[in-house]
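Welcome! Please take a moment to look over the sequence and the model before reading on.

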Amino acid sequence: MWPEIKLIYSKTDGCCHLCGKKHRLSDYAVTWQREHHIPRANGGGDHIRNLFVACIRCNLIKGTLPSKVVRKRMGLNQVPLSRKAKLRIKRDQESNNTLIFLLILFFLMLFGMYQQNLLEQQQKNLS
Ligand SMILES: [Zn+2]
């Protein structure tokens, strides 16, 4: 049970996925509990992908409502991400920016070659 609780906790760095409040890992079952993103009543399972940190109060409020609805009511637009997940997203964005830069460079080179070719043809036609 405990390794699973640690894994659930690490997904959001202990932040409630419904209101964003930060909890201490040691406060499991005191201030927070594991919460089924898709409620069991709606077919949600006990798989780690379906389990998140939630304040006991938030979990009671949620009941069988979709997480997105409750999150919106709490003023949260998205699931709080762990530091690791934020870093992964940042790294992905940086590599996308590099790829876009290389593509622009490639097309500028192609355009340069095209212009050069055009210039050479005009010079041939003149001579
Ligand atoms: Zn909460």
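## A word on contacts, and on Pro80

Two residues are in contact here if their C-beta atoms, placed from the backbone, lie within 7 Å. With that in mind, start at Pro80, found in the loop between α3 and α4. Leaving out residues up to four places away in sequence, Pro80 touches Thr12, Cys15, His17 and Gly20. Is Pro80 buried or exposed? Pro80 is buried, because 22 other C-beta atoms lie within 10 Å, and 20 or more count as buried.

## How confident is the prediction?

Please keep in mind that this is a predicted model. The chain has an average pLDDT of 93, and 99% of the residues score at least 70. Among the elements of the chain, β2 has the highest mean pLDDT (97), while helix α3 (residues 67-73) has the lowest (92).

## Two domains

The chain is divided into domain 1, residues 2-80, and domain 2, residues 82-127. Taken over C-alpha atoms, the centres of domain 1 and domain 2 are separated by 44 Å.

## Helix α1 and its two sides

Now turn to helix α1, which covers residues 2-11 and has Ile8, Tyr9 and Lys11 as buried residues. These three cover an arc of only 155° around the axis, so they sit on the same side of α1. On the other side of α1 you will find Trp2, Pro3, Lys6 and Leu7, which are exposed. What do the buried residues of α1 pack against? Their partners are β1 (32-36) and β2 (51-55).

## The nonpolar core

In soluble globular proteins, nonpolar side chains tend to be buried together. Here, the largest nonpolar core has 13 residues, and those with the most contacts inside it are Cys16, Val53, Ala54 and Cys58. At least two residues of this core come from each of α1 and β2, and β2 gives the most, with 5 residues.

Ala54 is a good residue to click on. Not counting residues up to four places away in sequence, Ala54 touches Cys16, His17, Leu18, Trp32, Gln33, Glu35 and Asn59.

## Two positive phi angles

The loop between α1 and β1 holds Asp13, and Ala29 lies in that loop as well. Asp13 follows α1 and has a positive phi, near 55°, in a residue other than glycine. Ala29 is not a glycine either, yet its phi is positive at about 70°.

How exposed are they? Asp13 is partly exposed, because 17 other C-beta atoms lie within 10 Å; partly exposed means a count between the limits of 12 or fewer for exposed and 20 or more for buried. Ala29 has 9 other C-beta atoms within 10 Å and is therefore exposed.

## Helix α4

Which residues make up helix α4? Helix α4 covers residues 83-126, and Leu118 has its place there. At 1.5 Å a residue, the 44 residues of α4 should span 64 Å, and the end C-alpha atoms are 64 Å apart, so the two values agree. How many of the residues of α4 are buried? The count is 0 among its 44 residues, so to speak a helix that is hardly covered.

Leu118 fits this picture: Leu118 is exposed, because 10 other C-beta atoms lie within 10 Å. From C-alpha to C-alpha, Leu118 and Leu65 are 65 Å apart in space and 53 residues apart in sequence. Pro80, where this tour began, is separated from Lys124 by 64 Å between C-alpha atoms, with their places 44 residues apart along the chain.

Definitions and conventions
Residues are numbered from 1 along each chain as its sequence is written. This is a predicted model: local features need pLDDT of at least 70, side-chain atom pairs count only at pLDDT 80 or more; totals for chains, interfaces and linings use all residues. Helices (H or I, at least four residues) and strands (E, at least two) are DSSP runs, numbered from the N terminus. The arc is that of the directions from the helix axis to the C-beta atoms. Domain bounds come from an automatic or database domain assignment. A nonpolar core is a set of buried Ala, Val, Leu, Ile, Met, Phe, Trp, Tyr and Cys residues joined through C-beta atoms within 7 Å. pLDDT is the predictor's confidence in each residue, from 0 to 100. The expected span of a helix is 1.5 Å times one less than its number of residues.
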